[in-house]
Amino acid sequence: METWIWLIVILGVFIGVYYLLQWALGKWLHLGKRRHYRTYHNETHKKWDVRMRLVSALIIVVGYLWVMARGVNGSYGKVAFLTLGSGVILQELCRAYMEWKYSEQRREYIRVLASTGYVLVFLLTIYVTNLFGLA
């Protein structure tokens, strides 16, 4: 089979297991459906979310400037992968803390941490296996 078909299969399996994990944790922890849009519990949550987004953007910019300054060829994809991944993980960890601290459903942070761990393991697996040998 062609590479792009394997890529679609891998992403499909990842997304399917992700939603299965969300559903199973929701049932196990007796939580409602997870919100798919950003909601803030208070102004502190909103301020920290904006700060984490700015720090993530700064990490991305510094990563690209570092690669451009060193003149390393072929590593733009790795820098993009690592900087975007670290930005997402940083934002989700901040969200987990705010869910633990301010949410009415205090166990929601467990679902956020489990999802973050799953995404982190998937990203590290892709990085270590070089996209399962497809790249």
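The following paragraphs walk through a predicted model of a single protein chain, from its overall build to a few individual residues.

The confidence of the prediction is a sensible place to begin. Across the protein chain the mean pLDDT is 84, and 91% of the residues reach 70 or more. When the elements are taken one by one, helix 1 has the highest mean pLDDT, at 91, while helix 3, which spans residues 76-102, has the lowest, at 83. As a general caution, predicted coordinates should not be read in detail where pLDDT is low.

With that in mind, the architecture can be stated briefly: the protein chain has four helices and zero strands, so that, read from the N terminus on, its elements run α-α-α-α. Taken along the principal axes, the C-alpha atoms fill a box of roughly 50 × 40 × 20 Å. Of the contacts in the protein chain with a separation of 6 or more, 69% are made by residues 24 or more positions apart. Buried residues make up 28% of the 135 residues, and the chain exposes about 9,200 Å², of which carbon and sulfur atoms supply 69%.

Helix 1, covering residues 3-28, is the element in which V17 lies, and this valine is a useful point from which to look both outward and across the fold. V17 counts as partly exposed because its relative accessibility is 36%, a value that falls between the 20% below which a residue is called buried and the 50% above which it is called exposed. On the surface, V17 joins W6, V9 and V13 in a nonpolar patch, and these residues together have about 330 Å² of accessible area. Membership in such a patch requires over 30% relative accessible area, a cut-off that the 36% of V17 satisfies. V17 can also be related to a part of the chain that is remote in sequence: its C-alpha atom is separated by 9.3 Å from that of Y118, although the two residues are 101 residues apart along the chain.

Beyond helix 1, the chain continues into the loop that leads to helix 2 (43-70), and H30 is placed in this loop. The backbone of H30 deserves a closer look, since this residue has a positive phi of about 60 degrees although it is not a glycine. Is H30 buried or exposed? With a relative accessible area of 63%, H30 is exposed, because this value lies over the 50% cut-off used for that class.

Terms used. Residues are numbered from 1 along each chain as its sequence is written. This is a predicted model: local features need pLDDT of at least 70, side-chain atom pairs count only at pLDDT 80 or more; totals for chains, interfaces and linings use all residues. Side-chain values use heavy atoms; hydrogens and water are left out. Patches are made of residues with over 30% relative accessible area and no salt bridge: like charges are joined within 9 Å, nonpolar side chains (Val, Leu, Ile, Met, Phe, Trp, Tyr) within 5 Å. Accessible areas come from the Shrake-Rupley method with a 1.4 Å probe; for residues, only the protein chains shown count as cover. A salt bridge is a side-chain nitrogen of Lys or Arg within 4 Å of a carboxyl oxygen of Asp or Glu. Helices (H or I, at least four residues) and strands (E, at least two) are DSSP runs, numbered from the N terminus. Buried means under 20% relative accessible area, exposed over 50%, partly exposed in between (1.4 Å probe, protein chains only). pLDDT is the predictor's confidence in each residue, from 0 to 100. Contact means heavy atoms within 4.5 Å.
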